[in-house]
Amino acid sequence: MQFCIMPFTVIDNISTEIIDGKECYVIKEGLLQYTYYVEKDTNLIVKTVSNIGENIQITNYEYFFEPITKESIDFPNLEEYYVIVN
C-alpha cells in the first residue's frame, strides 16, 4: 500500500488508532506538522490535524457515495446520437 499525501512529504511515524469507531492509520508528517488519519478499510482520509505554531486546525472528512445501479453502468444507446462533421 502506498500513500501519496503531498509531494515532498517527510513521514515521521505511522501507527494505528480507532477514530469514530473506524480503525485508522495515523500518519505523522514532520516537515509541515500534519497528522493524517486514514481509514484502513477504504484508504480514505477521515481527519487531518495541522499544528503550525500555536494554531491547531482540525478537519474531519465525510464521504457519501451513490449506490451503483444497473442503469448507472449501462452503455448509452448510441443510435440516439449523431455526429456533426464540419
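**Strands, salt bridges and a small set of rings**

Lys40 is a handy place to start: with a relative accessible area of 25%, this residue is partly exposed. The model it belongs to is a predicted one. The side chain of Lys40 meets that of Glu23 in a salt bridge, with 3.2 Å from N to O. Since Lys40 sits in the loop between β3 (34-39) and β4 while Glu23 belongs to strand β2, the pair ties together parts that are 17 residues apart in sequence. Glu23 is partly exposed, at a relative accessible area of 43%. Side chains of opposite charge can pair when their charged atoms come close.

In total, the structure has two salt bridges. The other one joins the side chains of Lys70 and Asp74, again at 3.2 Å from N to O. Here Lys70 counts as exposed, at 57% relative accessibility, while Asp74, at 41%, counts as partly exposed.

Stepping back to the whole chain, the secondary structure adds up to five strands and one helix. Followed along the sequence, these elements come in the pattern β-β-β-β-β-α. The chain has 86 residues, and 20% of them are buried. Its accessible surface is about 7,600 Å², with 54% of that belonging to carbon and sulfur atoms. As for contacts between residues at least 6 apart in sequence, 10% join residues at least 24 apart.

Next comes the interior. The largest nonpolar core is made of six residues, namely Ile19, Cys24, Val26, Tyr37, Val46 and Val49. Strands β2 (22-29) and β4 (45-52) each put at least two residues into this core. In soluble globular proteins, nonpolar side chains tend to be buried together.

Ile19, one of the core residues, lies in strand β1, which covers residues 11-19. With 10% relative accessibility, Ile19 counts as buried, because the cut-off for that label is under 20%. Apart from neighbours within four places in sequence, Ile19 is in contact with Cys24, Tyr37 and Lys47. Ile19 and Val46 are 27 residues apart along the chain, and their C-alpha atoms are separated by 8.4 Å. Val26, another member of the core, touches a longish list once residues up to four places away are set aside: Asn13, Ile14, Ser15, Thr16, Glu17, Thr35, Tyr36 and Tyr37.

Lys47 turns up on the contact list of Ile19, and this lysine has its place in strand β4. The charged end of Lys47 sits over the ring of Tyr37, at 5.4 Å from the ring centre. Not counting residues up to four places away in sequence, Lys47 touches Ile19, Thr35, Tyr36, Tyr37, Ile58, Thr59, Asn60 and Tyr61. For Ile58, which is 11 residues from Lys47 along the chain, the two C-alpha atoms are separated by 7.2 Å.

Strand β4 is also home to Ser50. This serine is buried, with a relative accessible area of 6%. With neighbours within four places in sequence left aside, Ser50 is in contact with Gln33, Tyr34, Asn55, Ile56 and Gln57.

Tyr34, one of those contacts of Ser50, leads on to the aromatic rings. The structure holds one aromatic pair. Tyr34 and Tyr36 form it, and the pair is stacked, with 5.8 Å from centre to centre and 15° between the planes. The angle falls under the 30 degrees required, so the stacked label applies. As for accessibility, Tyr34 is partly exposed at 25%, whereas Tyr36 counts as buried at 5%.

Finally, two loop residues have backbone angles worth a look. Asp20 has a positive phi of about 50°, although this residue is not a glycine. The loop between β1 and β2 is where Asp20 is found, and at 71% relative accessibility the residue counts as exposed. Asn43, also not a glycine, has a positive phi of about 60°. This asparagine is in the loop between β3 and β4 and counts as partly exposed, at 40% relative accessibility. The loop between β3 and β4 is where Lys40 lies too, which brings the tour back to the starting residue.

Methods. Residues are numbered from 1 along each chain as its sequence is written. This is a predicted model: local features need pLDDT of at least 70, side-chain atom pairs count only at pLDDT 80 or more; totals for chains, interfaces and linings use all residues. Side-chain values use heavy atoms; hydrogens and water are left out. Rings of Phe, Tyr and Trp (its six-membered ring) pair if their centres lie within 6.5 Å; planes under 30 degrees apart count as stacked, over 60 as edge-to-face and the rest as tilted. Buried means under 20% relative accessible area, exposed over 50%, partly exposed in between (1.4 Å probe, protein chains only). A charge sits over a ring if NZ of Lys or CZ of Arg is within 6 Å of the ring centre and within 35 degrees of the ring normal. A nonpolar core is a set of buried Ala, Val, Leu, Ile, Met, Phe, Trp, Tyr and Cys residues joined through side-chain atoms within 4.5 Å. Helices (H or I, at least four residues) and strands (E, at least two) are DSSP runs, numbered from the N terminus. Contact means heavy atoms within 4.5 Å. Accessible areas come from the Shrake-Rupley method with a 1.4 Å probe; for residues, only the protein chains shown count as cover. A salt bridge is a side-chain nitrogen of Lys or Arg within 4 Å of a carboxyl oxygen of Asp or Glu.
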